[in-house]
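Me: Hey, got a minute to walk me through this protein? I'd like to start with the pocket and then look around.

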Amino acid sequence: LRDTDAHTMGGGGAGKRKTRAAGEEGVDADDDPENLALQVVAQKPKTVDDRAVSIVGVPSQQPHPKPGMNRTSSLDAPIMLLEGHGDAVNSVKFSPDGATVASCGADKTVLMWNVRGDCENYMMMQGHKNSVLELHWTADGDNILTCSPDKTLRLWDATTGESVKCMKGHQSFVNACSAAPKGKPLCVSGSDDGTAKLWDFRRKGEVATFADRFQVTAVAFDTEGDRFFSGGLDNVLKCWDIRNDAEPYMVLPGHTDTITGIAVAPDGSHVLTNAMDCTLRAWDVRSYAPEDRCVKYYVGHQHNFEKGMLKCGWSPDGARVTAGSACRNVFVWDFDSRRVLYKLPGHEGAVNEVTFHPKEPIIGSAGSDGKIFLGELAD
């Protein structure tokens with residue numbers, strides 16, 4: 001993907017769609033010097049638990065990249081298309097070592113994919129009784145945390161695929177979850193029952209309950225693991241100390257509609273929120289920040305009548321931010337200048353989450369069209 005203000009992500013799973021995506025920008029795909037000429041040349045049927053899963057590689061038709069198109073990642077091709085979910089893909093995350101990507105969706109499954117080679121789907125995890133709304137890797141990369149409208153959270157062994165813990169306690173849909181990045185093996189969850197709950201993987205039942213007046217739709221641990229952030233139908237970002245469940249120690253109004261995603265900067269200084277008011281906001285959460293802590297906001301992406309839980313994220317160096325969008329495009333902004341660095345078409349449904357690879361210039365996107373794209377960015 002070259003660095004122009006509107007890059008093309010590959011248009012989906014066939015050359016015909018690729019040509020159409022380029023045409024939408026008023027450029028013929030065959031004549032555009034920036035066009036990557038990517039087409040699906042292999043569809044390898046795999047079987048996981050007697051279920052056919054289509055593994056789709058997206059290598060270039062050309063034996064060598066065009067002049068001037070230097071590769072920046074270890075992907076087999078600049079764009080890889082992963083297909084296998086039977087319904088919308090709600091969340092996608094790279095493992096801490098970057099070798100694996102995990103995805104979950106409305107088909108009640110969690111799928112594991114190799115990042116390199118043909119991006120083979122090598123494992124399926126089942127156990128939730130409803131759509132799997134969000135997933136996170138634990139800091140050591142050994143486990144995966146998921147949540148679901150079936151009122152539970154689950155902890156999975158990332159090596160064997162077994163469900164090692166089922167956390168019950170919420171009285172309604174569990175919309176969001178987050179695993180502590182360091183310290184004790186903790187996680188936090190947010191639910192339609194108007195609470196956020198703190199869990200310890202070593203104990204049965206919740207450790208603490210943080211009561212709110214409205215449904216909680218997004219949560220995220222901070223980088224130190226001693227506080228977390230929540231957002232919900234009251235449009236407010238709340239900051240909680242895990243040692244005090246009485247009330248939040250900081251309340252940050254600003255959004256005018258439901259917060260659907262929260263992400264903490266790698267250095268812990270800022271928090272990103274995506275909301276149904278079609279804005280992405282960055283908040284300064286340091287101790288001695290100015291009174292107006294909303295320091296930046298980003299526009300361009302969309303929420304629509306679907307009211308999806310569209311998430312947001314940071315690049316590993318904190319220089320770029322991204323967000324899901326109902327307009328079917330992947331957006332990446334420069335954090336400081338707020339300029340749109342990438343607007344990437346290709347999905348045929350809302351983009352529910354975009355995530356950065358921890359070590360390489362690669363992004364992954366999950367769509368309501370049931371597809372996952374891994375795309376190479378300019379270094």
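Me: Which strands each supply at least two residues of the lining of the largest pocket?

Reply: Those would be β4 (89–94), β8 (134–137), β12 (174–179), β16, β20 (259–264), β24 (312–314) and β28 (351–356). Keep in mind that this is a predicted model.

Me: OK, and which strand gives the largest share of that lining?

Reply: That's β28, with four residues.

Me: How many residues line the largest pocket, and which lie nearest its centre?

Reply: The lining has 33 residues, and Lys93, His136, Pro181, Val264 and Trp314 are the ones nearest the centre.

Me: What volume does the largest pocket have?

Reply: About 1,000 Å³. As background, rolling a probe the size of a water molecule over the atoms shows where empty space is left.

Me: Let's switch to Asp222. Where does Asp222 lie?

Reply: In the loop between β16 and β17 (227–232).

Me: Is Asp222 buried or exposed?

Reply: Buried, because its relative accessibility is 5%, and the cut-off for buried is under 20%.

Me: What is Asp222 in contact with, leaving aside its neighbours within four places in sequence?

Reply: Asp222 touches Pro181, Arg227, Phe228, Phe229 and Val264. Two names there should ring a bell: Pro181 and Val264 are among the residues nearest the centre of the largest pocket.

Me: Pro181 again! How many residues apart along the chain are Asp222 and Pro181?

Reply: They're 41 residues apart along the chain, and their C-alpha atoms are separated by 7.7 Å.

Me: Back to β16. Which strands form the open sheet with β16, and in what order?

Reply: The sheet has four strands in the order β16-β17-β18-β19, with antiparallel pairing. At the edges sit β16 (216–221) and β19 (250–252), each pairing on one side only. From one strand to the next, the twist averages 20°.

Me: And what holds strands of a sheet together?

Reply: In general, strands of a sheet pair through backbone hydrogen bonds, either parallel or antiparallel.

Me: How many bridges join β18 to β19?

Reply: Three, and β18 (residues 237–241) runs antiparallel to β19. In that pair, Lys238 stands opposite Val251 of β19.

Me: Zooming out, how many helices and strands does the protein have?

Reply: One helix and 30 strands.

Me: What percentage of the protein's residues are buried?

Reply: 59% of the 379 residues. The protein exposes about 15,500 Å², with carbon and sulfur atoms supplying 45% of that area.

Key:
Residues are numbered from 1 along each chain as its sequence is written. This is a predicted model: local features need pLDDT of at least 70, side-chain atom pairs count only at pLDDT 80 or more; totals for chains, interfaces and linings use all residues. Side-chain values use heavy atoms; hydrogens and water are left out. Buried means under 20% relative accessible area, exposed over 50%, partly exposed in between (1.4 Å probe, protein chains only). Accessible areas come from the Shrake-Rupley method with a 1.4 Å probe; for residues, only the protein chains shown count as cover. Two strands pair if DSSP finds at least two bridges between them. Axes are lines fitted to C-alpha atoms, for helices over the stretch in contact, and angles run from 0 to 180 degrees between N-to-C directions. On a 1 Å grid over the protein atoms alone, a cavity is a set of points where a 1.4 Å probe fits but cannot get out, and a pocket is an open set with protein on both sides within 12 Å along at least five of seven lines; lining residues have an atom within 4 Å of a point. Grid points are joined across faces, edges and corners, and a volume is the space filled by probe spheres set on the points. Contact means heavy atoms within 4.5 Å.
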